[in-house]
Amino acid sequence: MAPSASPSPGLAVTAPVHQARVRVLHPGQGLSPAGANPGPVVYWMLRDQRLADNWALLHAASLAAASAAPLAVAFSLFPKPFLLSARRRQLGFLLRGLRRLAADAATRRIPFFLLTGGPTEIPALVRRLGASALVADFSPLRPVREALDAVVGALCRDAASVTVHQVDAHNVVPVWAASGKLEYSAKTFRSKMNKVLDEYLVEFPELGEVVPWDREQPKDIDWDTLIDTVCSQAEDVPEIDWCEPGEAAAMEALLGTKDGFLTKRIKSYDSDRNYPTKPMALSGLSPYLHFGHISAQRCALEAKKRRHLSPKSVDAFLEELIIRRELADNFCYYQPHYDSVAGAWEWARKTLKDHAADKREHIYTREQLENAKTADPLWNASQLEMVHHGKMHGFMRMYWAKKILEWTSGPEEALSIAIYLNDKYHIDGRDPNGYVGCMWSICGLHDQGWKERPVFGKIRYMNYAGCKRKFNVDAYISYVKRLVAQPKKRKPEESLNSAAKYSKSEKD
Ligand SMILES: Cc1cc2nc3c(=O)[nH]c(=O)nc-3n(C[C@H](O)[C@H](O)[C@H](O)COP(=O)(O)OP(=O)(O)OC[C@H]3O[C@@H](n4cnc5c(N)ncnc54)[C@H](O)[C@@H]3O)c2cc1C
């Protein structure tokens, strides 16, 4: 059934939430009026793992409040091989964040149901609780959309009276309101966004008091055991220790008095963000934005408040945070082939095809690339930064992906290796930004054609000499060597082993 952008009859969507942010996936019966002992409203949290500044939770709470129904939050872990093949690195971050969220939910007396058998358990939970409405997060990525379709299908079949809504709590402007089609470039997207941004970029209301929970209690969660069990089932990419998960840590990264991005570091964003030797010039917010530990809208609101202090830097940050980030969601939402060459524009597919058979100076296997065994010390350093630190500098990501195009046997292989490595090692990987970043670098997405050259055709080219002119390449390589050698606080035995392994491969 096609989602509709208007609330179903009988449902009191007394917004604080902009109506266009909410889609009705299944109208159900609506909620009974207050006093009729209505079933609870369940918020199925997925992409936006936070209690603060969360439009989906606020919408669920307003539905519940309108009929004096209780409210619950449910999170469903995708079973092995996990969502988008999450590794230990990403799963550890996710679960440690959820552990804090569950404690915060308990303080607010909101029951938190953690389901470990996958999204197919959501309809059963909804039925068991006798829920009257389910509110789901939005993600443009295939497996999440498929899971949501399956949940809605099951509810329509077995519990047709349950109302199902979806809320885009991730984007400042909901993806379907920003544009009704696949956008060609940041330019076309920006002009549409600028027309509606003020309507959506508004302050969040507080989450009000909830009706006391009088139903089945969530099972107690033994978090240590759960984290150990899940992480031991996942592919063993060590967790990171420089970035604490959770909402409080995310707000500290944004506004902290010690090292907060907007409070201490934003000034140099405009001038220094493209220097890989100055990683602190970047916000460092991508892990939090990816897991939804912070709302992009909160970041934008706080940045705007400080615009008078560094207008150029704030404008540049808002361009990345809103326009570029939400353009990535636009691409993945409207382009089913968002992670393959088939998703590139015609001109790019043609030029890549024309040059697919060009002779390459080097051809490396995925394994050689993964182990940073190329002849280019700068590229190797960027790969090691990603493998060990879990976050490669944004400028290096472009160089890194473009070299994979140069050094593999064709664009399809290049794209699949880039996505594989990006998603395996980046703490912010498995994200629309990652698919679009790889597509931009390898398939010219959201870019223009450039002077034609071997292998790249008209795709924008980057080389070592250009990097050398732009920044101190040796200083970056030394910085990464220091990162690799640093002992890790979390799970020291494994991190040290892998650091030694990769230090060795770099020396070879
Ligand atoms: C090949 C390649 C792969 C990438 N993979 C990912 C990925 O897996 N996950 C990811 O979040 N980003 C990815 N990016 C985009 C960008 O490099 C990162 O978002 C950024 O480096 C994250 O660091 P930061 O938060 O400190 O950046 P900041 O410069 O401080 O940016 C703030 C936020 O703006 C958004 N943003 C910044 N640059 C971009 C961009 N080019 N496109 C879309 N949004 C952007 C991000 O949400 C980021 O967190 C990739 C880019 C390329 C070229």
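Helix α13 is where C332 is found, helices here being DSSP runs of H or I with at least four residues and strands runs of E with at least two, numbered from the N terminus. The model is a predicted one, in which local features need pLDDT of at least 70 and side-chain atom pairs count only at pLDDT 80 or more, while totals for chains, interfaces and linings use all residues. Residues are numbered from 1 along each chain as its sequence is written, and side-chain values use heavy atoms, with hydrogens and water left out.

With a relative accessibility of 1%, C332 counts as buried; the term means under 20% relative accessible area, with exposed meaning over 50% and partly exposed in between (1.4 Å probe, protein chains only). Setting aside residues up to four places away in sequence, C332 touches P140, L141, R145, Y338, P432, Y435 and V436, where contact means heavy atoms within 4.5 Å. One of these, V436, is 104 residues from C332 in sequence, yet the two C-alpha atoms are 7.9 Å apart in space.

R145, another residue touched by C332, belongs to helix α4 and is partly exposed at 32% relative accessibility. Beyond its neighbours within four places in sequence, R145 is in contact with S139, P140, C332 and Y333. Its side chain also reaches the backbone oxygen of P140 at 3.3 Å, a polar contact (a pair of N or O atoms within 3.5 Å; within protein, one must be able to donate a hydrogen and the other to accept it, and residues adjacent in sequence count only if both atoms are side-chain atoms). The C-alpha atoms of R145 and Y333 are separated by 9.7 Å, with their positions 188 residues apart along the chain.

Y333 leads on to the aromatic rings. The structure holds 19 aromatic pairs, counted for rings of Phe, Tyr and Trp (its six-membered ring) with centres within 6.5 Å; planes under 30 degrees apart are stacked, over 60 edge-to-face and the rest tilted. Among them, F138 and Y333 form an edge-to-face pair, at 5.5 Å centre to centre and 75° between the planes. This pair links distant parts of the chain, 195 residues apart: F138 sits in the loop between β5 (133-136) and α4 (142-158), and Y333 in helix α13 (residues 311-334). Both partners are buried, F138 with a relative accessible area of 1% and Y333 with 15%. Ring pairs further link F138, W176, Y333 and Y334 into a cluster. W176 has a charged partner as well: the charged end of R23 sits over its ring, 4.1 Å from the centre, the criterion being NZ of Lys or CZ of Arg within 6 Å of the ring centre and within 35 degrees of the ring normal. A second such arrangement places the charged end of R453 over the ring of Y461, 3.6 Å from its centre.

Turning to the ligand, 25 residues lie around it, of which Y269, S283, G284, N422 and D428 come nearest; a residue qualifies if one of its heavy atoms lies within 4 Å. Polar side-chain atoms approach ligand oxygen atoms at 2.6 Å from Y269, 2.9 Å from K391 and 2.9 Å from N422. Taken alone the ligand exposes 820 Å², and the protein buries 91% of that (Shrake-Rupley method, 1.4 Å probe; for residues, only the protein chains shown count as cover).

Helix α19 (residues 432-443) contains S441, which is buried with a relative accessible area of 2%. The S441 side chain reaches the backbone oxygen of G437 at 2.8 Å. Leaving aside neighbours within four places in sequence, S441 is in contact with R397, M398, A401, K402 and I459.

Some backbone details are worth a look too. Most residues other than glycine have a negative phi, and most peptide bonds are trans. R430, in the loop between α18 (411-425) and α19, has a positive phi of about 60° although it is not a glycine, and is buried at 8% relative accessibility. V455, in the loop between α19 and α20 (464-470), likewise shows a positive phi, near 65°, and is buried with a relative accessible area of 7%. A cis peptide bond joins K80 and P81, with omega about 15°; P81 is found in the loop between β3 (71-76) and α2 (88-107).
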